[in-house]
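Hi,

Here is the structure I promised to pass on. Have a look at it first, and then read my notes below.

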Amino acid sequence: MNHWHERFKDENYIYGTEPNVFIADMHKKLQLSGNALAIAEGEGRNAVFLAEQGMNVTTWDYAQSGLEKTKKLAAKKGVTINTKLIDLSEANWEKEQWDEIICVFGHFPENLRKKTLNGVKEAVKPGGYFITEVYSQYQIPYKSGGPKDEGLLYKPEEFLQTFSDWKIVHFFMGEVMRSEGESHKGLSHVIQFVGQKR
């Protein structure tokens with residue numbers, strides 16, 4: 001089994017059970033509805049939040065233990081989540097399937113990042129949104145979470161170039177405070193992106 005499957009086996013939710021603050025704020029601001037996909041969703045905190053807002057939510061993760069915890073959290077909150085064991089390197093991105101796709105601190109090697117972002121671009125419906133918060137290339141010295149390998153961290157141009165023909169609703173790179181479970185704590189350097197497909 002993979003590293004994340006082992007990490008998520010623990011009873012505790014490593015990143016807590018509350019949604020990422022940026023995802024929650026943007027979702028409430030935009031008042032989105034319809035079908036949502038949460039990729040690299042881990043233990044399900046953000047997916048459950050979207051379901052609580054009335055969306056039909058599917059999660060993709062390649063840690064079976066994370067998907068099991070997603071179902072457990074969803075049941076506790078009284079919502080239903082469709083969970084799928086998906087390795088993003090093998091993902092099939094069907095064209096124009098989703099009203100919203102989110103990715104919260106989903107970090108991958110550069111080639112897979114490019115493939116995933118292009119997949120997202122293909123899979124969002126016209127008028128739909130991609131919302132993400134991830135650690136930037138400057139995060140490592142902050143020691144507040146995220147990969148210790150700069151090759152797994154994001155550069156702003158990855159979003160600005162990939163989604164150059166979308167409407168950029170929000171773009172930010174800089175410092176934020178995060179307190180998400182035991183693994184994301186303190187001042188962090190992030191990239192936030194919200195794009196709407198034309």
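To start you off: by class, how many nonpolar, polar and charged residues are in the lining of the largest cavity? Keep that in mind while I go round the rest; one caution is that this is a predicted model.

**The sheet**

Seven strands make up an open sheet with mixed pairing, and their order across it is S3-S2-S1-S4-S5-S7-S6. Strands S3 (81-85) and S6 (167-180) are at the edges with a single partner strand each, so each has one side without a neighbour in the sheet. On average, neighbouring strands are turned by 15° against each other, ignoring direction.

If you want a pair to look at, try S6 and S7 (residues 184-196): they run antiparallel and are joined over 13 bridges. One of the residues to click on is Lys 167, whose bridge partner in S7 is Gln 196. As a reminder, strands of a sheet pair through backbone hydrogen bonds, in either a parallel or an antiparallel way.

**Helices on the sheet**

Helix H5 (residues 110-123) packs on the sheet and touches S1, S4 and S5 (124-135). The direction of H5 makes about 150° with that of S5. Helix H3 (residues 45-52) lies across S1 (35-39), S2 (56-61), S3, S4 (98-104), S6 and S7. Relative to S4, H3 runs at about 150°.

**What the record says**

UniProt has an unreviewed entry that lists residues 33-178 as "domain: Tellurite resistance methyltransferase TehB-like". Over residues 33-178, the chain is 29% helix and 32% strand, and the end C-alpha atoms lie 26 Å apart.

**The largest pocket**

The largest pocket has a volume of about 700 Å³. It is lined by 32 residues, and the closest to its centre are Trp 4, Ala 40, Phe 105, Gly 106 and His 107. Helix H1 (3-7), H3 and S2 each supply at least two residues of this lining, and H1 gives the most, with three. By class, the lining of the largest pocket has 16 nonpolar, ten polar and six charged residues.

**The largest cavity**

Now back to my opening question. The count comes to one cavity of 30 Å³ or more, and the volume of the largest cavity is about 40 Å³. Its lining consists of Ile 39, Cys 103, Phe 108, Thr 116, Leu 117, Phe 130, Thr 132, Val 134, Tyr 154 and Phe 159. The elements that give two or more residues to this lining are H5 and S5, with S5 giving the most, at three residues. And the answer: the lining of the largest cavity has eight nonpolar, two polar and no charged residues.

Over to you!

Notes:
Residues are numbered from 1 along each chain as its sequence is written. This is a predicted model: local features need pLDDT of at least 70, side-chain atom pairs count only at pLDDT 80 or more; totals for chains, interfaces and linings use all residues. Side-chain values use heavy atoms; hydrogens and water are left out. Two strands pair if DSSP finds at least two bridges between them. Helices (H or I, at least four residues) and strands (E, at least two) are DSSP runs, numbered from the N terminus. Axes are lines fitted to C-alpha atoms, for helices over the stretch in contact, and angles run from 0 to 180 degrees between N-to-C directions. Contact means heavy atoms within 4.5 Å. UniProt positions are given in the numbering used here, feature names are shortened, and annotations may be inferred rather than shown by experiment. On a 1 Å grid over the protein atoms alone, a cavity is a set of points where a 1.4 Å probe fits but cannot get out, and a pocket is an open set with protein on both sides within 12 Å along at least five of seven lines; lining residues have an atom within 4 Å of a point. Grid points are joined across faces, edges and corners, and a volume is the space filled by probe spheres set on the points. Ala, Val, Leu, Ile, Met, Phe, Trp, Tyr, Cys and Pro count as nonpolar, Asp, Glu, Lys and Arg as charged, and the others, Gly among them, as polar.
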